[in-house]
Each structure stands twice: as C-alpha cells, then as structure tokens.
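Thank you all for coming; I would like to take a few minutes to walk through one model, moving outwards from a single residue. Please have a look at it before I begin.

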Amino acid sequence: MAAATPCKLCWGVEKADIPSKYAEDMNVNFKKWMGWYGKVYGDYKLMKGDFFDTAHREKITNATIVFVNNFAFGPTVDHMLKERFADLKDGARIVSSKSFCPLNFRITDRNLSGE
C-alpha cells in the first residue's frame, strides 16, 4: 500500500509468528529494491500484534483506507472485523481480499481454493 497509494501513513499488523517474520524480511527487501529502482513510497510501520487489541482501535477508526487480507478467515473473525469497521469514520474505504462471509459459512477444501 505504501508504494501504491499516497497515504500519509500505512500501518500493518500481523498476529502470527511466521508471517510476521516474513513481513520483517520483506521490509528489508522492499526498501532495497525501491531504492535500487529510485521509486518513492510513503511512510509505513509494521508490527507484530493483534488487530483486535484495543490499543489499535484509534488507528483503525481514524483510517481513511483499511486493507484486510481476510482470505482464510472464518465467519467469526469476519464478523469481528465487521463490528470493528462499523466505527470507521464516514467515507472510509475497506479493501478486502474476499467478501465478508455470513456467520453460517464454513471453509471447505472446495471453497478454500477460491474457485
């Protein structure tokens, strides 16, 4: 998002250990390659943590654009996201990797593939 949009600040949070470590590694390569190609990017911060932690609530509610990679989330987490997004300010945009599913949705081998 920091390379693709003129946002004032992009803020990323990852709860799981392995994806969080990948984000740290990608951060180093991102800066290296953006510098190599002379590309500009906006400010961003990456952190390991829980998106639903109340410490992050103000950042989320003041955001103008929220990107959520909810592809593998089930209905419970999707519902929690919808509740959190209800507090976004008017005009805020939500970009998600898949539509938010209903509470009775279940992930199966068939729908996990995205087909």
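Which residues does Ser96 touch, not counting residues up to four places away in sequence? Before I answer, please keep in mind that this is a predicted model, in which local features need pLDDT of at least 70 and side-chain atom pairs count only at pLDDT 80 or more, while totals for chains, interfaces and linings use all residues. Residues are numbered from 1 along each chain as its sequence is written, and side-chain values use heavy atoms, with hydrogens and water left out.

Ser96 touches Val68 and Asn70, where contact means heavy atoms within 4.5 Å. Ser96 and Asn69 are 27 residues apart in sequence, yet their C-alpha atoms are 5.8 Å apart in space. Ser96 belongs to strand β4, residues 93-96; helices (H or I, at least four residues) and strands (E, at least two) are DSSP runs, numbered from the N terminus. With a relative accessible area of 27%, Ser96 is partly exposed, given that buried means under 20%, exposed over 50%, and partly exposed in between, using a 1.4 Å probe and protein chains only. The side chain of Ser96 also reaches the backbone oxygen of Lys98, at 2.8 Å.

Val68 takes us to the interior. Val68 is one of the eight residues of the largest nonpolar core, alongside Phe51, Ile60, Ala63, Val66, Leu81, Phe85 and Leu88; such a core is a set of buried Ala, Val, Leu, Ile, Met, Phe, Trp, Tyr and Cys residues joined through side-chain atoms within 4.5 Å. The elements that give two or more residues to this core are β3 and α3. In soluble globular proteins, nonpolar side chains tend to be buried together. Leu88, leaving aside its neighbours within four places in sequence, is in contact with Ile60, Thr61, Ala63, Val66 and Ile94.

What are the buried residues of α3? They are Pro75, Asp78, Leu81, Arg84 and Phe85, and what covers them includes α2, β3 and β4.

Finally, the chain as a whole: the secondary structure comes to four helices and four strands, and from the N terminus on the elements run β-α-β-α-β-α-β-α. Of the 115 residues, 20% count as buried. Among contacts between residues at least 6 apart in sequence, 73% join residues at least 24 apart, and the contacts of Ser96 with which I began can be looked at alongside that figure.

Technical notes:
A polar contact is a pair of N or O atoms within 3.5 Å; within protein, one must be able to donate a hydrogen and the other to accept it, and residues adjacent in sequence count only if both atoms are side-chain atoms.
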